[in-house]
Amino acid sequence: MTSFHMTVQSQEIVFETGALEKLSALVEERGWKRLFLCTTSHLRQNGHMNKVEDLLGEYLVAAYDEVEPHVPDHQLAVALARAEEADIDAVIGLGGGSPIGMAKAVSHELETKLGNPKPGEISLPTQQARIPCIAIPTTYAGSEMTPVYGVTRIQKDGSALKETVRDARVTPRLVLYDPELTLNLPETLTSTTGINALAHCIEAIYSRTRNPISTSLALRGIHYIWHSLLQCATDAKDIQARTRMMIGAHLAGAALASVEMGLHHGICHVLGGTAGVPHGAANSIVLPHAMRFNADVLSGELALVAEALGLGTNNASEQDLALQASDAVFDLIAKLNVPQQLRDVGVKESLLPNLAEIIIKNNTVRNNPKPLKGKKEALDLLRAAW
Ligand code: NAD
């Protein structure tokens with residue numbers, strides 16, 4: 001690739017064991033006095049939310065602590081009303097991709113209501129939000145680094161569809177990475193959100209809009225994830241492994257931020273929005289199948305993945321290496337003890353044709369450098385994963 005076009009987002013990243021303790025000082029220094037917190041009931045129960053409440057004191061003026069996976073639109077309406085009433089000047093997402101997505105959605109909706117500061121400015125790819133988002137991730141999903149969020153909306157026919165919004169202004173202005181917050185991340189979520197991070201790296205490497213920076217971030221991200229994920233799943237309290245994994249997740253999110261994703265992410269969004277499959281579980285089921293599908297046309301890029309995994313010999317062809325990479329990912333997922341088939345996560349076989357129909361229309365799927373030929377090919381892929 002000899003030409004590229006990318007946007008570097010303006011963010012402040014604080015990465016440190018115990019970084020959460022710095023939250024109130026960081027907020028104060030930046031002049032934010034009325035904060036709104038988005039999080040989930042698990043983070044309320046495990047004490048992380050209380051910690052943030054204690055640290056922020058009177059600076060925390062309102063909260064929404066029931067965020068459900070994939071950000072349902074009715075929850076966004078309630079959170080937005082609370083944020084508006086509290087007249088906030090920044091919004092915190094504490095947790096995984098869902099509460100961070102909710103924080104981005106609240107920030108974006110408030111921004112839209114405030115209107116354009118100057119005509120035309122909204123279209124700048126480096127625009128900053130007036131009610132910015134602060135992200136404190138506790139999973140490896142990587143949303144804290146990206147200008148993207150999704151909201152699940154109920155359609156007129158009663159079905160659910162996840163809509164994705166891309167806008168530079170939702171990129172979290174401040175990201176606080178504290179590996180200690182992941183010590184109580186349950187084994188399954190550790191594994192599935194870790195595979196999500198690996199998927200960001202792999203799809204960044206073969207993305208239609210890849211660039212040398214995203215490829216470098218993704219290759220290094222693979223290295224960190226590959227050498228720490230199994231250990232994090234086996235020994236949850238290993239802070240060294242948790243720290244390395246969080247660096248991998250950060251690199252994966254940073255790679256994801258400047259490129260378009262492809263087949264794997266598109267299918268996972270459809271499975272999440274329409275079939276209710278948890279995002280991490282969808283990732284661990286779909287990733288090896290998406291890699292296998294792409295192994296011929298994208299063999300050169302997937303051979304890079306194989307190299308980053310430490311696979312292959314001098315005389316292996318790129319296509320062999322690509323297939324070895326998908327087999328190795330499949331083996332890692334088997335060791336992680338996570339769902340490997342759609343039937344294991346409640347997807348009925350009878351739903352597959354409907355899902356295939358939605359998948360071929362999905363914009364992210366359409367961005368895959370190797371196009372899906374049609375519904376039959378989508379259905380074959382789903383059947384292989386079922
Ligand atoms: P999630 O945010 O939906 O959280 C899953 C579960 O993990 C929740 O029940 C939560 O309470 C629990 N949890 C999180 N941290 C915990 C901890 N430390 N201890 C105990 N429980 C904890 O899951 P996710 O996989 O992080 O995010 C998935 C969502 O994020 C999807 O909607 C996905 O589309 C989106 N996503 C967006 C981007 C982006 O760039 N915008 C990137 C990745 C994922």
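This passage walks through the ligand site of a predicted model and then three single residues. Residue numbers start from 1 along each chain as its sequence is written, and side-chain values rest on heavy atoms, with hydrogens and water left out. Because the model is predicted, local features need pLDDT of at least 70 and side-chain atom pairs count only at pLDDT 80 or more, while totals for chains, interfaces and linings use all residues.

The ligand is a good place to start. It is surrounded by 29 residues, and T40, S98, T138, T146 and K162 are the closest (a residue is near a molecule if one of its heavy atoms lies within 4 Å of it). By type, this shell splits into 10 nonpolar, 17 polar and 2 charged residues; here Ala, Val, Leu, Ile, Met, Phe, Trp, Tyr, Cys and Pro count as nonpolar, Asp, Glu, Lys and Arg as charged, and the others, Gly among them, as polar.

Several polar contacts (pairs of N or O atoms within 3.5 Å) show up here. A ligand oxygen sits 2.6 Å from a side-chain N or O atom of S98, and a ligand oxygen is 2.8 Å from such an atom in the side chain of H42. A ligand nitrogen, in turn, lies 3.5 Å from a polar backbone atom of N184. On its own the ligand exposes 870 Å², of which the protein buries 89% (areas by the Shrake-Rupley method with a 1.4 Å probe). Helices α2 (41-45), α5 (97-114) and α6 (187-205) each give two or more residues to the shell; helices are DSSP runs of H or I with at least four residues, numbered from the N terminus.

Helix α5 also holds E111. E111 counts as buried because its relative accessible area is 3% (buried means under 20%, with a 1.4 Å probe and protein chains only). Leaving aside residues up to four places away in sequence, E111 touches Q128, A129, R130, I131 and R169, where contact means heavy atoms within 4.5 Å. Its side chain reaches the backbone nitrogen of I131 at 3.5 Å. R173 is 62 residues from E111 in sequence, and their C-alpha atoms are 14 Å apart.

Two other buried residues round things off. E301, in helix α12 (residues 299-308), has a relative accessible area of 17%, so it is buried. Beyond four places in sequence, E301 touches I205, Y206 and R210. N362 sits in the loop between α14 (352-361) and α15 (363-366), and it counts as buried because its relative accessibility is 16%. With the same sequence neighbours left out, N362 touches G266 and V270.

Conventions. Buried < 20%, exposed > 50% of the residue type's maximum accessible area, 1.4 Å probe, protein only. Polar contact = N/O pair within 3.5 Å; in protein donor to acceptor, adjacent residues only side chain to side chain.
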